[in-house]
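User: I am new to reading protein models, and I would like to go through this one by asking what makes each description fit. Could you set the values against the cut-offs as we go?

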Amino acid sequence: MKPEQKLYHLFKKNLNKETLITRLEVYSAQGVSDLLLYNNAGFCMVELKIQKGNKISFSPHQVLFHTIRIKRNYILVQGPRASNGLIKLYGSNSINQLLVDPNSAPPLAVNDWDLINNIILNKKNH
């Protein structure tokens, strides 16, 4: 199983049961995020990424997608093995910082599935 598939299964396992998840395989609209989620707060999208060293790779289409659509779009990153594979959630508005230096981008949540769920459920206490 590829690392991104493992991250998907980990995310799905830890995702609140109130949220429906659809994995997207879009070939005609490049750059669209990997996951479409729906819950009582509405729809949101999540891009799954695996960090290798100090780099996170994004296609130009993904950069454009996350630059234009910053509301309720997220990037879930699993860090390199050296960082014990930390799971970090970022808002789409962090994409430019993630491209330059992933360590300088402030995550919304780090290894905290409850907080990640609250953010995705759009709960006000996060």
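**Charges, rings and a sheet**

Analyst: The side chains of E47 and K49 meet in a salt bridge, with a distance of 4.0 Å from N to O. Please keep in mind throughout that this is a predicted model.

User: What makes the contact of E47 and K49 a salt bridge?

Analyst: The cut-off asks for a side-chain nitrogen of Lys or Arg within 4 Å of a carboxyl oxygen of Asp or Glu, and the N to O distance for E47 and K49 is given as 4.0 Å, so the pair is counted as a salt bridge. In general, side chains of opposite charge can pair when their charged atoms come close.

User: How many salt bridges does a search of the whole structure find, and are E47 and K49 buried or exposed?

Analyst: The search of the whole structure finds one salt bridge. Both E47 and K49 are buried, and buried stands for a relative accessible area under 20%.

User: Where does E47 find its bridge partner?

Analyst: The partner of E47 is I75, which belongs to β4. Strand β3, residues 42–50, and strand β4, residues 73–78, run parallel and are joined by six bridges.

User: Why are β3 and β4 said to pair?

Analyst: Two strands pair if at least two bridges are found between them, and β3 and β4 have six bridges, so they meet the condition. By that rule β1 and β2, which run antiparallel with four bridges, pair as well, and so do β2 and β3, which run antiparallel with five bridges. L37 illustrates both of these pairings, since I21 stands opposite L37 in β2, while in β3 the bridge partner of L37 is C44. A hairpin of two residues joins β2 to β3.

User: What makes the pairing of the sheet mixed, and in which order do its strands lie?

Analyst: The six strands form an open sheet in the order β1-β2-β3-β4-β5-β6, with mixed pairing. Within this sheet you can find both kinds of direction, for β3 and β4 run parallel, whereas β1 and β2 run antiparallel.

User: How do you know that the side chains along β2 alternate?

Analyst: L35, L37 and N39 point to one face and are buried, while L36 and Y38 point to the other face and are not buried. This fits the general pattern, because in a regular strand the side chains alternate between the two faces of the sheet.

User: Why is Y38 called partly exposed, and why does F43 count as exposed?

Analyst: Y38 has a relative accessible area of 40%, and because partly exposed covers the values between 20% and 50%, that is the term for Y38. F43 reaches 54%, and since exposed means over 50%, F43 counts as exposed.

User: Why is the ring pair of Y38 and F43 described as tilted?

Analyst: The ring centres are 4.7 Å apart, which is within the 6.5 Å asked of a pair. The planes stand at 50 degrees, and because under 30 degrees counts as stacked and over 60 as edge-to-face, the pair is tilted.

User: How many aromatic pairs does the whole structure hold, and what makes F11 and W113 one of them?

Analyst: A search of the whole structure finds two aromatic pairs. F11 and W113 have their centres 6.2 Å apart and their planes at 45 degrees, so they too pass the 6.5 Å limit and count as tilted. This pair links distant parts of the chain, with F11 in helix α1 and W113 in helix α4, 102 residues apart, and both residues are buried.

User: How do you know that α4 is mostly covered?

Analyst: Six of the eight residues of α4 are buried, among them W113, I116 and N117. The buried residues of α4 pack against α1, β2, β3, β4, β5 and β6.

User: What makes S92 buried and N103 exposed?

Analyst: S92 has a relative accessible area of 0%, which is under the 20% limit, so S92 is buried. S92 lies in the loop between β5 and α3, and its contacts beyond four places in sequence include H66, R69 and I70. N103 lies in the loop between α3 and β6, and because its 52% is over the limit of 50%, N103 is exposed.

Note on methods. Residues numbered from 1 in each chain as written. Predicted model: local features only at pLDDT ≥ 70, side-chain atom pairs only at ≥ 80, totals over all residues. Heavy atoms only, no water. Buried < 20%, exposed > 50% of the residue type's maximum accessible area, 1.4 Å probe, protein only. Phe/Tyr/Trp six-rings, centres within 6.5 Å; stacked < 30°, edge-to-face > 60°. Contact = heavy atoms within 4.5 Å.
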